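Reader: I would like a close look at the buried interior of this protein, taken slowly and with the cut-offs stated. Please build up the picture one step at a time.

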Amino acid sequence: MVSIKGGRKRLVTGAVSTVTAGIALGAFALSGTANSATQPAEASAAAGRIKPTIVLEHGAFADGSSWNGVIADLRADGYPVVAAANPLRGPASDAAALRTVLDHIKGPKLLVGHSYGGNVISQAATDDPEVKALVYVAAFLPAPGESALELTNKYPGSTLPGALDPVTYQQADGTSATDLYIQQDKFRHQFAADVPAGEAALMAAAQRPIAQAALVEKATSAAWKTKPSWAVVTTQDLNIPAAVQRFMAQRAHAHTTEIAASHSVAVSHPHLVADVIERAARTTVR
């Protein structure tokens, strides 16, 4: 499927089907600097319309560079972009960290979360009128009281437990905690099967661990209940099974795009992800 936008042709590979389900109502790596994203109106004045700042939140076993291809497309189309650094310590504290970024950016914003980053944007965007829409990319859309681990296990298909490399350490207060990595020799198969081998090896080496406790911490709010949402569902995902992603997207009445891709869809199919984000922006910010 080829879509033309902003004078460029974008080729999206893999079988893609799009289902529009309606808008749910009621239901420290930066690209540029945060300061450069604080005036989206001026940045896009030449285009004759306000373009929201796109705030990207990576998930576990990744970092802000996982959005590089998406950032390139968004910036080429005139969108201010910030790829926030996710501490990966727990939904509440990570959402608080993201809030410091959001509070620094003036004007309308769209939040985009990959994987566990979906937990974070769902909480950080709650009660923020400047966040106009949410985009979930192979991501969790938890309801209050749900955890990432609980949702992952709702349907079979995740092979992540067998690929993990846990590292336990002693904290300053004397208690122990565990960080989770993916074993490097299993990283590509588990996380990025459709990413070129050399690039996947770099991703494996640069991966950031998530606190084991973060995966069992329960969500306390869900911004998707009051904000329009979009979802990219990855049907070859070995981290979050496609059935789980569909369940969450349908529950949120999200506009849903499915693609035969791995969990690292933002790396393997950046044009498709950017197109979904821009569709959300055009729909909700005028």
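Author: Leaving aside neighbours within four places in sequence, Gln123 is in contact (heavy atoms within 4.5 Å) with Pro91, Ala92, Ala95, Ala219, Thr220 and Ser221. The model is predicted, so that local features need pLDDT of at least 70 and side-chain atom pairs count only at pLDDT 80 or more, while totals for chains, interfaces and linings use all residues. Residues are numbered from 1 along each chain as its sequence is written, and side-chain values use heavy atoms, with hydrogens and water left out.

Gln123 belongs to helix α4 (residues 117-124), where helices are DSSP runs of H or I with at least four residues and strands are E runs of at least two, numbered from the N terminus. Its relative accessible area is 14%, and therefore Gln123 is buried; buried means under 20% and exposed over 50%, with a 1.4 Å probe and protein chains only.

The largest nonpolar core (buried Ala, Val, Leu, Ile, Met, Phe, Trp, Tyr and Cys residues joined through side-chain atoms within 4.5 Å) has 51 residues, and those with the most contacts inside it are Phe61, Leu98, Leu111, Leu134 and Ile210. Helix α3 (residues 91-104) supplies the largest share of this core, namely 4 residues. A second, separate core of 29 residues includes Ile54, Val70, Ile259 and Val276. Within the largest core, Leu134 is among the residues with the most contacts, and, not counting residues up to four places away in sequence, Leu134 touches Leu111, Ile121, Ala125, Ala223, Trp224, Lys227, Pro228, Ser229 and Trp230.

Ile210, also named for that core, is the bridge partner of Leu180 and lies in β10. Strand β9 (residues 176-182) pairs with β10 in the antiparallel sense over 2 bridges, pairing being assigned if DSSP finds at least two bridges between strands. The open sheet has 3 strands in the order β8-β9-β10, with antiparallel pairing. Because β8 (164-170) and β10 (210-211) each have a single partner strand, they stand at the edges, with one side of each left without a neighbour in the sheet.

β9 also helps to cover the buried residues of α6, together with elements including β6 (109-114) and α7 (197-206). In α6 (residues 184-191) those buried residues are Phe187, Gln190 and Phe191. They lie on the same side of α6, because they cover an arc of only 90 degrees around the axis, judged by the directions from the helix axis to the C-beta atoms. On the other side of α6, Asp185 and His189 are exposed.
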